[in-house]
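I opened this notebook to keep track of what I looked up in one structure. The entries below follow the order in which I went through it.

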Amino acid sequence: MKKDNRNIFKPFLFTLLLVVYSFTSYANYILVPMDKTQTNHLKAYGITYWVLQKEVEAEWLLNYRGGSFLFKYAQSFENEMVVRGVSYEVISDAQVVQIKREIEHPEANMDIMRLDVPPKIAVYSPPAKMPWDDAVTLVLTYAEIPYDVVFDDEVIAELLPKYDWLHLHHEDFTGQYGKFFRAYGRQKWYIDNQKKFEASAKKHGFNKVSELKLAVAKKIKEFTAGGGFLFAMCSATDTYDIALSADGVDICDFMYDGDPADPSAQSKLDYSQTFAFKDFKLYMDPYKYEYSNIDNQYYERGLTEGNDYFKLFSFSAKWDPIPTMLSQNHEQNIKGFMGQTTAFKKQLVKSDVIVLGETSEANEVRYIHGSYGKGTWTFYGGHDPEDYQHLVGEEPTDLNLHPNSPGYRLILNNILFPAAKKKKQKT
């Protein structure tokens with residue numbers, strides 16, 4: 001008589017089903033740690049943005065393990081983590097409760113920020129390729145966060161209100177073409193660029209490129225006042241404020257706009273129109289590769305690549321959530337990097353500006369934030385967080401070699417920051 005073996009396997013199958021049921025019942029969340037255990041900090045932001053695109057709410061655990069992310073478990077989310085090489089932990093409801101109790105303790109400098117809607121992102125960038133790269137577009141591409149490119153045509157056409165977040169590419173809003181004339185004025189790319197800008201100014205009804213750029217700067221100011229989030233790096237920071245302060249004042253010499261600058265320009269600046277800076281002095285020499293004394297020069301800084309660091313401030317997560325979000329990191333001391341505008345002299349920064357990171361030894365600030373109207377702005381000095389002195393014409397930085405870059409993390413903090421606020425219709 002043949003023995004029936006099916007009953008032998010019943011206890012085993014019951015145990016296996018119990019294990020599977022227990023796992024799926026209690027492993028209900030994904031925690032994305034952002035401390036030094038994370039294998040790819042930059043792509044972790046992209047994952048969180050992607051989850052928001054799926055209409056799933058995420059939580060930003062401020063100051064918990066470097067500013068970790070938490071969201072409901074889904075097999076597709078776990079699969080995506082594996083594909084993108086992002087470290088994660090599958091945790092239970094009970095573990096989530098324990099983490100949140102730790103965060104919510106009154107003495108813990110931690111908080112929970114809910115992220116709901118992925119921000120619509122625009123990058124203000126010239127349509128023609130320039131002989132330098134932009135850190136923001138590099139990291140957005142690497143993190144797989146979508147964005148649109150806009151430039152003067154779109155800004156003048158009032159298209160900015162379509163977006164929540166705007167980055168100003170390496171740009172000169174004073175109309176002096178980066179003050180590259182002395183070094184590159186005879187280069188084909190420079191000459192072609194000038195012709196394109198002049199044609200664009202004429203198309204929009206302006207006699208000079210400086211007038212077009214001022215109009216663009218004002219439109220960006222309106223975007224911010226209406227509730228937009230503005231982010232800028234390198235020369236887009238100080239030239240933006242300089243342009244606003246010089247409304248109606250000719251600060252460009254003949255090689256830039258065909259006539260001399262106003263010799264009384266300095267006395268006519270209106271610092272009340274700027275976001276960040278005050279009392280600065282213009283460099284009127286058209287051959288000098290600087291716009292003003294806002295930027296702390298290398299001979300003033302007394303720093304080298306080996307000792308150039310800036311320190312992030314610590315804020316109260318429960319009382320100051322905005323600067324806390326913007327300064328989330330797994331490192332407090334961030335490796336410095338240069339640019340046409342590297343760092344801002346502390347004494348030239350307005351008193352109501354929030355300093356997020358500074359190099360106190362050089363009396364300079366590197367990372368600052370403020371509000372204007374219903375919106376906010378953030379300025380970040382330097383050009384490329386992983387290339388100390390990125391020169392014109394160099395190859396772009398390969399972020400596959402820097403997946404845990406603390407300097408690039410600061411950019412991505414700004415990307416997710418708008419998701420923490422309910423969107424209101426901007427007018």
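What follows are my entries on the whole chain first, then on single helices, residues and pairs.

**Entry: the model and the chain as a whole**

I began by noting that this is a predicted model, and I kept that in mind for each value I wrote down. I counted 14 helices and 15 strands in the chain, and I found that the C-alpha trace spans about 110 × 45 × 45 Å along its principal axes. Of the 427 residues, 57% count as buried. I also looked at contacts between residues at least 6 apart in sequence, and 76% of these join residues at least 24 apart.

**Entry: domains**

The domain assignment splits the chain into domain 1, residues 8-115, and domain 2, residues 121-421. I noted that the C-alpha centres of these two domains lie 36 Å apart, and that 33 residues from domain 1 and 31 residues from domain 2 take part in the contact.

**Entry: helix α5**

How many of the nine residues of helix α5 are buried? I found that eight of them are, so the helix, which covers residues 135-143, is mostly covered. The buried ones are A135, V136, T137, L138, V139, L140, Y142 and A143. I then asked what covers them, and the elements include helices α2 (41-53), α3 (75-84) and α14 (406-416), together with strands β6, β8 and β9 (229-233). After α5 comes E144, and I wrote down that its phi is positive, near 65°.

**Entry: H369 and its surroundings**

I looked up H369 next and placed it in strand β14, which runs over residues 364-372. H369 has a relative accessible area of 3% and is therefore buried. A polar atom of the H369 side chain lies 2.9 Å from the backbone oxygen of W377. Leaving aside residues up to four places away in sequence, H369 touches I322, L326, V353, I354, L356, T376, W377, T378 and F417, so that W377 appears in this list of contacts as well as in the short distance to the side chain.

**Entry: aromatic pairs**

My search of the whole structure for aromatic pairs gave 27. Is the pair of Y124 and F173 stacked or edge-to-face? The ring centres are 5.5 Å apart and the planes are at 25°, which is why I recorded this pair as stacked. Y124 belongs to strand β6 (residues 121-124), whereas F173 sits in the loop between β8 (165-168) and α7 (181-184), so the pair ties together parts that are 49 residues apart in sequence. Y124, at 0% relative accessibility, counts as buried, and F173 counts as buried too, at 1%.

The other pair I wrote down is that of W377 and F379, which is tilted, with 4.7 Å from centre to centre and 45° between the planes. W377 has 1% relative accessibility and counts as buried, and F379 is buried with a relative accessible area of 0%.

**Entry: charges over rings**

I noted two cases of a charged side chain over an aromatic face. K288 lies over the face of Y283, at 4.9 Å from the ring centre, and R366 lies over the face of F337, at 5.2 Å from the ring centre.

**Entry: cysteines**

How many disulfides are there? I found zero. The closest cysteine sulfur to that of C234 is in C252, and because the two are 18 Å apart, they are too far for a bond. C234 counts as buried at 2% relative accessibility, and C252 is buried as well, with a relative accessible area of 1%.

**Entry: K218**

My last look-up was K218, which is found in helix α9, residues 209-225. Is K218 buried or partly exposed? At 36% relative accessibility, K218 counts as partly exposed, because the value falls between the 20% and 50% cut-offs. Not counting residues up to four places away in sequence, K218 touches L244 and D247. I also compared its position with that of H402, and the two are 184 residues apart in sequence and 36 Å apart in space, taken from C-alpha to C-alpha.

Terms used. Residues numbered from 1 in each chain as written. Predicted model: local features only at pLDDT ≥ 70, side-chain atom pairs only at ≥ 80, totals over all residues. Heavy atoms only, no water. Helix = DSSP H or I, 4+ residues; strand = E, 2+ residues; numbered from the N terminus. Buried < 20%, exposed > 50% of the residue type's maximum accessible area, 1.4 Å probe, protein only. Polar contact = N/O pair within 3.5 Å; in protein donor to acceptor, adjacent residues only side chain to side chain. Contact = heavy atoms within 4.5 Å. Phe/Tyr/Trp six-rings, centres within 6.5 Å; stacked < 30°, edge-to-face > 60°. Lys NZ or Arg CZ within 6 Å of the ring centre and 35° of its normal. Disulfide = S-S within 2.5 Å. Domains from an automatic or database assignment.
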